[in-house]
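Q: Could you walk me through this model before I go back to the bench? I would like to start with the overall fold and then look at one helix.

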Amino acid sequence: MSDAIRAGANAGATSLDPDDWDALRADAHHMLDDMLDYIAGVRDRPVWQPIPPTVRAGFAEPLPRQGTPLPEVYRRFTEEIAPYATGNVHPGFMGWVHGGGTAVGMLAEMLAAGLNANCGGRDHIGIEVERQIVRWIAELFGFPATASGVFVTGSSMANFMALLVARTAAVGPQVREGGLPGERLTAYASAAAHGCVVQAADLAGLGRGALRRIPFGKDHRIDLDALKRRIAEDRAAGCQPFLVTGSAGTVDVGAIDDLAALAELCLDEGLWFHVDGAYGSLGMLSGEIAPKLKGLSEADSIALDFHKWGQVNYDAGFLIVRDGEQHRDTFAAPAAYLRRETRGLAGGSPWPCDYGPDLSRGFRALKTWFTLKTFGADRMGAMIANTCKIARDLETRVEREPELEMLAPVTLNIVCFRYRAAPDVVDALNTEIVADLHESGIAAPSSTTIDGRLAIRAAIVNHRTTSADVGRMVDAVLRFGKQRVGSSAFRW
């Protein structure tokens with residue numbers, strides 16, 4: 001043990017450093033090896049399993065007043081936490097749009113935790129790493145060098161922040177002081193847009209009704225004619241339209257709005273054009289997928305999640321804004337305790353806290369930087385294209401099975417289908433099949449409603465998922481479906 005480590009170990013009872021660094025090192029290596037084994041052997045475990053009542057009850061214990069040795073705490077993790085996680089690391093996880101993460105990202109998260117950097121601001125390397133990600137994404141999306149960007153928890157926050165930037169651009173920075181007295185701002189998005197787009201209007205004080213939900217067509221893309229009519233009606237009624245949100249990968253089926261047409265409409269109407277590209281916008285990494293995103297580069301702002309198709313470990317949401325000054329005008333909040341200098345740690349302005357509401361921010365950029373540097377954009381793009389190929393393979397399999405039917409077109413990597421049954425029982429039957437799949441540990445799709453019909457929704461996001469994995473899911477759907485149709489409750 002070095003003199004410096006020995007001195008730290010004797011710092012006194014108030015320090016939280018270990019008394020024995022060598023013992024901690026041994027525990028740390030054990031934990032790291034176990035987590036690498038956890039990822040490497042993921043196929044040997046069920047995707048998901050329910051939490052036993054006894055385990056759940058153990059987490060109702062009162063606040064611990066005395067410490068517990070680290071090995072005992074870790075034992076509880078291995079026995080009572082790790083086995084009952086969400087399961088999105090597993091290739092059979094196809095529910096919702098969750099990335100699978102990587103071992104590289106896990107290691108980067110460990111390094112970031114060791115640095116324990118607050119990336120709200122000041123002049124340190126964490127801020128430079130985040131700025132490099134901003135430049136890379138601006139390059140990918142065809143944004144100017146003056147664009148700004150900031151890491152956030154996820155696209156729900158990014159979409160909310162984009163609305164605030166659009167509001168400032170429409171009304172002026174004085175809205176931050178005086179609010180919106182007398183303003184009747186209206187925003188627009190497809191009825192297929194994510195619920196957080198509606199929530200953003202609510203959180204911003206505009207009211208949920210200020211977000212006009214425009215119908216979509218059979219292709220699940222926003223109806224442009226209906227959008228134009230509603231904008232004209234609102235203007236005639238004395239409202240002030242200010243924002244249109246397009247979807248690059250809708251939450252239900254993965255549809256992409258006609259982004260080029262929306263960009264042109266917003267230009268003609270003088271409206272802010274935002275794109276919710278939570279997962280779909282990273283399709284720009286793939287030469288095969290990028291043409292489907294034509295018009296994305298014309299957006300004023302884009303929300304995305306590196307933790308979805310980008311496979312960065314949770315969480316790593318992101319907002320990029322074409323006009324960095326408008327972005328900064330929306331959030332910058334000078335204060336004496338945030339004084340900026342030209343020298344020292346208080347230099348390096350502007351800071352990330354000038355582009356969002358968070359002063360305390362973790363080093364999310366590091367795991368994103370590690371992922372992009374380690375794998376490269378081309379390999380990431382090939383992975384993204386492969387998830388779409390697997391989705392098409394699943395679509396082909398569903399169309400080949402007479403017991404199954406497709407409920408929506410496959411645009412990217414989401415497949416919505418169901419087991420056929422009598423109209424009065426088909427929704428209940430497919431609800432049970434989804435739960436059967438979860439409890440079997442074979443696969444974990446989600447469910448949604450398409451044109452009033454309940455669908456089994458398989459989102460192929462995890463880089464580990466193969467066509468064989470989706471084949472096992474379909475085999476299980478057929479098996480569970482036949483078993484349940486054979487019961488009295490679901491018999492035709």
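A: What follows goes from the whole chain to a single helix.

Q: First off, what kind of model is it, and how many helices and strands are there?
A: This is a predicted model, and its protein chain holds 15 helices and 12 strands.

Q: How compact is the chain for its length?
A: The radius of gyration is 25 Å, close to the 23 Å that the globule rule gives for 492 residues, so the chain is as compact as a globular protein of that length. Along the principal axes, its C-alpha atoms fill a box of roughly 75 × 60 × 45 Å.

Q: And how much of it is buried?
A: Of the 492 residues, 49% count as buried, while the chain exposes about 22,800 Å², with carbon and sulfur atoms supplying 53% of that area.

Q: What about contacts between residues well separated in sequence?
A: Taking contacts between residues at least 6 apart in sequence, 73% join residues that are at least 24 apart.

Q: Switching to charges, how far apart are the mean positions of the positive and negative ones?
A: The chain has 50 positive and 60 negative charges, and their mean positions lie 2 Å apart.

Q: Now helix H12, which of its residues are buried?
A: In H12, which spans residues 324-331, the buried residues are Gly324, His327, Thr330 and Phe331.

Q: Where do those sit around the helix axis?
A: They cover an arc of only 125° around the axis, and therefore lie on the same side of H12.

Q: So what covers them?
A: The cover includes strand S2 (148-152) and strand S8 (317-321), together with helix H7 (155-171) and helix H8 (175-178).

Note on methods:
Residues are numbered from 1 along each chain as its sequence is written. This is a predicted model: local features need pLDDT of at least 70, side-chain atom pairs count only at pLDDT 80 or more; totals for chains, interfaces and linings use all residues. Side-chain values use heavy atoms; hydrogens and water are left out. Helices (H or I, at least four residues) and strands (E, at least two) are DSSP runs, numbered from the N terminus. The radius of gyration is taken over C-alpha atoms; the globule rule is 2.2 Å times the number of residues to the power 0.38. Buried means under 20% relative accessible area, exposed over 50%, partly exposed in between (1.4 Å probe, protein chains only). Contact means heavy atoms within 4.5 Å. Accessible areas come from the Shrake-Rupley method with a 1.4 Å probe; for residues, only the protein chains shown count as cover. Lys and Arg count as positive and Asp and Glu as negative; His and the chain ends are not counted. The place of a charge is taken as NZ of Lys, CZ of Arg, CG of Asp or CD of Glu. The arc is that of the directions from the helix axis to the C-beta atoms.
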